[in-house]
Amino acid sequence: MDKNGINDIRQAFLDFFASKDHLVRPSFSLIPKDDNSLLLINSGMAPLKPFFAGTQVPPNKRMATSQKCIRTGDIENVGKTARHATFFEMLGNFSFGDYFKKEAINWSWEFSTKYLQLSEDKIWASIYEEDDEAFELWRNEVGMPADKIVRLGKEDNFWEIGLGPCGPCSELYYDRGEKYGCGAPDCKPGCDCDRYVEYWNLVFTQFNKDEAGNYTPLPNPNIDTGMGLERVACILQNVDTIFEIDGLKVILDKVCEMSGVTYGTDPENDISIRIITDHLRSMTFMISDGILPSNEGRGYVLRRLLRRAARHGKLLGLNEAFLYQIMEQVVEKFKHGYPELEDKKEMIKKIILVEEERFQETIHQGSEILAGYITDMKTKGEKVLSGPQAFRLYDTFGFPLDLTKEILEEEGMETDEPSFKTEMEEQKKRARTARSEGGSVGWKEDPLTVLQEVPQTTFIGYETVTTETTVAAIICNGREETYCDSQEEPILVILSETPFYGEGGGQVGDTGVLKGGEFIGRVIDTKKGAGDVIYHIVEAERGQIVKGATLQAIVTSERRASIARNHTATHLLHKALKHVLGEHVNQAGSLVTPERLRFDFSHFEAMSHEEVETVENIVNQQIQRALSVKVMESTVEEARKQGAEALFEAKYGEKVRVVKTGDFSLELCGGTHVHNSGEIGMLLILSESGIASGVRRIEAVTGTGAYQLTKHYQETIAETTAMLKTRQDRLIPRLEEVLAENKDKDQQILKLKKDQMKDQQGDLLEHAEKIGDTTIVVTSLEGLSMDELRDMGDRIKDQAGSAAILLASVSDGKVQLMATMTKDLVAKGLHAGKVVKEAATITGGGGGGRPDMAQAGGKNPEKLPEALKKAKEMIKGGIPQ
């Protein structure tokens with residue numbers, strides 16, 4: 001191989017294993033699929049676990065990938081050392097019950113020596129101490145000298161995680177030379193020095209470990225290998241650290257260029273440069289995979305990396321947003337292996353910029369407060385910041401705990417983390433209490449647990465809204481019964497077949513009627529219990545319902561049609577949002593009712609008016625196209641290959657329902673839909689708002705709801721037109737005229753008020769009490785706002801020279817108080833804040849302020865004369881006679 005760049009190494013690896021009949025697959029997303037044990041993909045084999053576990057059939061028994069990975073377990077060390085990184089690429093070849101040790105060892109040697117052109121003399125191998133088979137293969141098949149095959153114990157060369165599949169492994173090492181060694185005569189792989197670099201790990205999964213600790217051979221052993229791309233690049237490019245390889249150096253150089261700092265001249269600056277370089281690569285790939293900054297889960301990891309990098313930029317003198325610019329270096333370098341980076345570049349840039357700007361506000365305020373805490377701690381000789389203080393930074397100012405800890409660590413201090421966690425838990429308890437007080441408790445989560453045997457029910461509501469069916473089970477007054485005629489509380493009814501849709505997937509349950517013989521009952525809701533068993537909540541109107549009886553089940557068809565319109569509209573809305581905002585938009589929740597739809601989606605900022613309008617227009621264009629809505633059954637994998645949208649967290653069975661709206665939308669969905677988009681009529685967006693960090697919400701109406709809303713708007717316009725005595729086509733110009741007239745009148749009123757205040761000012765000064773050269777004005781003025789009281793006080797002060805003033809006004813049954821003192825009186829000890837506070841207390845209120853000016857409010861106007869009398873006494877008592 002002529003070139004040693006990361007793109008060349010990656011491509012050479014994949015091409016090599018493609019030539020060995022491996023299916024080469026693009027990297028899986030950093031977001032684990034159907035795996036709650038991981039927050040982010042952290043190894044090459046992590047996305048392939050279902051194939052190794054046998055729960056899914058692999059597309060090929062031989063596979064090869066270059067997998068992007070994130071590990072943040074030792075994030076505190078990233079930057080402080082030149083070895084640690086949060087992002088890395090793992091090259092791997094895998095066999096699912098196909099080839100085994102012989103091929104894995106031979107191919108690793110062939111690729112290392114023939115393609116990477118590593119010197120055979122420099123390569124060593126380690127094996128598990130009891131793995132004689134691996135030893136023989138290295139010695140006899142490859143021809144490696146016996147003294148270069150190192151046997152190591154279970155801790156180093158045996159892979160197992162608890163119970164289940166496990167096995168020995170063999171690692172390939174590269175000898176960097178004596179200058180990196182410890183000088184010991186027995187220095188070899190396994191030594192703690194830096195001479196031997198492990199660059200490829202071959203795991204031979206050949207045993208199954210049971211609870212008794214027995215290791216039973218697997219009938220079809222697997223191969224799982226991992227070679228760190230960055231580590232191999234270090235070897236081939238003959239550099240000491242990953243920050244010097246071509247993939248990272250281009251980012252590092254740009255950081256230095258923008259900051260004007262030279263790498264390698266100052267250890268503290270070097271830490272910041274490495275942190276920014278590493279974190280930029282991580283955040284770019286994470287956002288590319290649809291992760292948005294938030295305060296929990298993957299989003300919090302992203303926010304933490306981004307804010308940590310932004311803060312270290314400040315330490316280098318980069319006080320404005322800069323990460324969004326350097327991100328382009330990541331895209332340019334890695335787009336060959338990951339073309340999606342180029343496709344999503346503008347979106348990635350915008351998300352980073354928005355988060356940087358938000359953090360600029362956070363870090364400025366939080367840093368000042370933390371600096372104050374640190375100064376106080378140094379004065380007191382303390383080393384631990386209290387939990388409540390750290391929590392205040394986090395809760396009030398959005399200052400991350402990790403950042404607080406990092407800044408304190410730089411000062412040789414720490415945080416009382418247990419106390420912080422206590423504060424956090426108290427806050428969560430308060431939130432839970434608030435939620436529980438927000439409404440009454442409804443039906444238990446699964447009321448079907450009272451049944452001795454839960455019958456199965458078949459949903460036929462996709463095809464029909466009426467059917468003749470049999471009562472399979474009855475829950476009456478919380479107990480399983482064979483009959484029920486209760487009209488005191490709803491009856492729970494399970495039918496053998498039902499056209500009623502049970503609430504799920506954001507769609508509300510159907511309502512309707514059950515009737516048969518003497519019994520008539522209204523279905524007020526339909527829900528699902530364990531195992532997706534549909535049950536009907538029924539209010540009996542007449543007669544007795546009996547288990548085994550035959551009933552007519554009739555869904556309210558108009559209501560169902562309205563729900564279907566809104567549900568299909570959410571699919572169109574989802575796709576339109578992706579068109580306008582970007583592919584990062586994903587459904588974060590929905591509610592589909594007969595009246596309206598609510599759609600929650602991932603996005604990092606409020607939509608502009610133009611964006612909302614464009615989305616609405618796109619949806620209505622698709623409605624007007626009268627697109628055919630088709631429903632198909634498929635496998636999840638096949639549906640995703642076709643481009644179907646799916647909820648990431650949702651659990652899908654082997655067969656899924658795919659809803660296709662013309663050539664515009666394709667989604668996995670179990671809800672009810674229209675047959676043609678034209679049935680929706682039209683869609684009107686009512687609002688767009690934020691409901692959580694990185695999550696937006698749109699509410700909209702369709703069909704009858706949209707028609708009624710349009711009628712309401714028309715009636716409002718007609719009424720407004722009549723009130724303004726104009727025509728509809730003249731409404732806006734007429735409104736502008738009225739507003740201009742009102743503005744002119746407001747200015748006239750303001751002028752009259754100012755003239756009136758001048759007269760009042762003269763009267764107040766004329767009748768003011770005097771002590772020596774000091775003027776005392778304590779009075780109530782009718783109809784003045786607080787701003788006007790302050791203005792009056794300033795005018796009196798300016799004219800009087802030396803003055804103590806307290807003015808009051810009553811508005812809407814509330815007392816307003818304003819006190820102000822000239823500088824000479826403040827110097828003599830008079831305090832406006834104390835005077836106004838005393839007066840406010842008498843009127844049942846509170847307030848205060850500075851010695852020269854203060855304001856307050858009260859609730860009891862009838863106490864105002866008493867308050868003014870007390871204020872005057874305080875002022876006179878504070879002026880030297």
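1. Contact here means that heavy atoms lie within 4.5 Å of each other. The structure under discussion is a predicted model. With this meaning of contact, and with residues up to four places away in sequence left out, Thr-225 touches Leu-91, Gly-92, Asn-93, Phe-94, Trp-200, Asn-201 and Leu-202. Thr-225 itself belongs to strand β9, which covers residues 215-228.

2. Is Thr-225 buried or exposed? Its relative accessible area is 2%, and a residue counts as buried when this value is under 20%; Thr-225 is therefore buried. Two polar contacts of its side chain may be noted. One joins the side chain of Thr-225 to the side chain of Asn-93 at 2.5 Å, and another joins it to the side chain of Trp-200 at 3.3 Å. Both Asn-93 and Trp-200 also appear in the list of residues that Thr-225 touches.

3. The next points concern pairs of helices. Helix α1 (residues 6-18) and helix α3 have axes that come within 11 Å and cross at roughly 135 degrees. The two helices are therefore oblique to each other, and α1 passes α3 in a right-handed crossing. On the α1 side, the contact is made by Ile-9, Ala-12, Phe-13, Phe-16 and Phe-17; on the α3 side, by Trp-107, Glu-110, Phe-111 and Tyr-115. Sorted by class, this contact has eight nonpolar residues, no polar residues and one charged residue.

4. Helix α3 (residues 101-115) also packs against helix α4 (residues 132-142), at an angle of about 45 degrees and with the axes 10 Å apart. How are α3 and α4 oriented to each other? They are oblique, and their crossing is right-handed. From α3, the residues in contact are Lys-101, Lys-102, Ile-105, Asn-106, Ser-108 and Trp-109; from α4, they are Glu-133, Ala-134, Leu-137, Trp-138, Glu-141 and Val-142. By class, the contact of α3 with α4 comprises six nonpolar, two polar and four charged residues.

5. A further pair is formed by helix α16 (residues 557-581) and helix α17 (residues 609-624), whose axes come within 9 Å and cross at roughly 130 degrees. These helices are therefore oblique to each other, and their crossing is right-handed. Helix α16 contributes Leu-572, Leu-573, Ala-576, Leu-577, His-579, Val-580 and Leu-581 to the contact, while α17 contributes Glu-611, Thr-614, Val-615, Ile-618, Val-619, Gln-622 and Ile-623. The classes represented in the contact of α16 with α17 are ten nonpolar, three polar and one charged.

6. Helix α14 (residues 401-410) deserves a separate remark. Seven of its ten residues are buried, so this helix is largely enclosed by the rest of the structure. The buried residues are Leu-401, Asp-402, Leu-403, Thr-404, Glu-406, Ile-407 and Leu-408. After α14 comes Gly-412, which has a positive phi near 75 degrees.

7. Positive phi values are also found at residues that are not glycine. Asn-477 has a phi near 55 degrees and is located in the loop between β13 (466-476) and β14 (479-481). Its relative accessible area is 32%, so Asn-477 is partly exposed. Asp-812, which is likewise not a glycine, has a positive phi of about 50 degrees. Asp-812 lies in the loop between β32 (802-811) and β33 (814-821). Is Asp-812 buried or exposed? At 76% relative accessibility it counts as exposed, because the cut-off for this class is over 50%.

8. Lys-49 is placed in helix α2, which runs over residues 49-53. With a relative accessibility of 28%, Lys-49 counts as partly exposed. Which residues does Lys-49 contact, leaving aside its neighbours within four places in sequence? They are Asp-35, Ser-37 and Leu-38. In the case of Asp-35, the separation from Lys-49 is 14 residues in sequence and 9.1 Å in space, taken from C-alpha to C-alpha.

9. The final point concerns Glu-638, which is part of helix α18 (residues 636-641). Its relative accessibility of 38% makes Glu-638 partly exposed. Glu-638 and Val-656 are 18 residues apart along the chain, and their C-alpha atoms are separated by 9.8 Å.

Notes. Residues numbered from 1 in each chain as written. Predicted model: local features only at pLDDT ≥ 70, side-chain atom pairs only at ≥ 80, totals over all residues. Heavy atoms only, no water. Helix = DSSP H or I, 4+ residues; strand = E, 2+ residues; numbered from the N terminus. Buried < 20%, exposed > 50% of the residue type's maximum accessible area, 1.4 Å probe, protein only. Axes fitted to C-alpha atoms, helices over the stretch in contact; angles between N-to-C directions. Parallel < 35°, antiparallel > 145°, perpendicular 65-115°, else oblique. Left-handed = near helix turned anticlockwise from the far one by under 90°. Nonpolar A, V, L, I, M, F, W, Y, C, P; charged D, E, K, R; others polar. Polar contact = N/O pair within 3.5 Å; in protein donor to acceptor, adjacent residues only side chain to side chain.
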